[in-house]
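Thanks for coming, everyone. I'll keep this short: charged pairs, then the sheet. Here it is.

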Amino acid sequence: MTGPTGPAGPHQLPESARTVGIKDVARAAGLSITTVSHALNGKGKVSARTRERVRALADELGYRPNPAAQVLLTGRTGVVGLAAGHQSAEAWERTYRPYYASLTAGAMVEAVDRDYALVVVPSRPGTDLWTRIPMDGLIVVDPVPGDPVISEARRRGLAVVTDGRPLDPAHASIPYVHSDMENGVRLVMDHLHERGARRTALLTGPEPDSYTLDSEAAYSRWCDRRSLPAAVARVQHGEPALDAARRLLSGPGRPEAVHALNETYGEALTAAAAELGLDIPGDLLVTSMGDGEPGSRPALTLLTLSPRTTGALCAGMLIDVLNGLAPEPLSVPCALVPGRSTSRSGGV
């Protein structure tokens, strides 16, 4: 009498439903498991003819590699991560979220093109979620001095690249992609200077990341070369950007022009100017970092940073590191998109 498990015996699946493993492929090919493994994974000294025969036989049998076994065999997950910070900042919705979205899109396309998956992980203080996700490497955006995410990733043996120059001397060897803020800030300052501004200020934030610090340094150098006074105003931690903008525009020696490091700060400047009865661009010129299309006429003159290109370069650089290469740092050019906030006498 046949029991409920059928003639195949207890706990056995019908042949058609059974998972085909590497042992089955090796048995059918008359080869060792090691040879078949090398043939399927492109490793070892296996002839092209044998490799093709094994792969064809594996397809015919319906063999699919076990992901966990592949990780154990190769030490690779085929996954790279992108660590997103700044979620608690006031500028997240208006500035950082769109930047990360474009950066992630560029990184995802590049990763997929090179047979990797990309996962976006949070890196804000108080969360260690990213440490529980298996991955081979990590892209860290806007690193800060003594960046704990970089330190922990390296401790775990992950490959790391950064969007923005690493600031800790211990991280100096990490490859990175960065926006060319030296030339970008020069573009903005020259644009404002050509429109008559001689007292130009910079409105920055509290984050000590390389984007902020490099922008401030480039601005100071530009002022030194022109023998003009430098004035850096910072939005403090927890302070509304509008309060910082009011303080900057109502103080003694009010600037004739201000460049803001993000669109949230730029919009705060326009709101504060309206409250104080200042006309833009008649009384005050305003520029900011932001997304703008060449040839468009946005309300604010924008310095664009090309996050999609940066993301693709970061993902490609990280995969190069995983493949044993030592890439050099890469610089992404900025572009100026003139808008109404710096248009005087009908010109741009």
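**Charged pairs and one sheet**

R195 counts as buried, with 18% relative accessibility. The cut-off for buried is under 20%, so R195 falls on the buried side. Keep in mind that this is a predicted model.

Who is the salt-bridge partner of R195? E194. The N to O distance is 3.7 Å between the two side chains. Is E194 buried or exposed? Exposed, at 63% relative accessibility. So this salt bridge joins a buried arginine to an exposed glutamate.

Next pair. E216 and R234 form a salt bridge, and their closest N and O atoms are 3.0 Å apart. E216 sits in helix α8, while R234 sits in strand β7, residues 231-234. The two parts are 18 residues apart in sequence, so the pair ties them together. E216 counts as buried, at 10% relative accessibility. R234 counts as partly exposed, at 38%.

There is also a network. E110, R114 and D320 are joined into one by salt bridges that share partners.

Helix α8 comes up again with the next pair. R165 and D214 meet through their side chains in a salt bridge, 2.4 Å from N to O. D214 is in helix α8, residues 210-226. R165 is in the loop between β4 (159-163) and β5 (176-179). The two residues are 49 residues apart, so distant parts of the chain are linked here. How accessible is each partner? R165 is partly exposed, with a relative accessible area of 29%. D214 is buried, with 17%.

How many salt bridges does the count give? It comes to 15. The general point is simple: side chains of opposite charge can pair when their charged atoms come close.

Now the sheet. What is the strand order? It runs β2-β1-β3-β4-β5-β11. That is 6 strands in an open sheet, with parallel pairing. The edges are β2 (117-122) and β11 (330-332). Each of these has a single partner strand, so one side of each is left without a neighbour in the sheet. From one strand to the next, the twist averages 20°.

One pairing in detail. Strand β3, residues 137-141, pairs with β4 in the parallel sense, over 5 bridges. Which residue of β4 is the bridge partner of G137? A159. And as a reminder, strands of a sheet pair through backbone hydrogen bonds, either parallel or antiparallel.

That's my part. Over to you.

Note on methods
Residues numbered from 1 in each chain as written. Predicted model: local features only at pLDDT ≥ 70, side-chain atom pairs only at ≥ 80, totals over all residues. Heavy atoms only, no water. Salt bridge = Lys/Arg side-chain N within 4 Å of Asp/Glu carboxyl O. Helix = DSSP H or I, 4+ residues; strand = E, 2+ residues; numbered from the N terminus. Buried < 20%, exposed > 50% of the residue type's maximum accessible area, 1.4 Å probe, protein only. Pairing = 2+ DSSP bridges. Axes fitted to C-alpha atoms, helices over the stretch in contact; angles between N-to-C directions.
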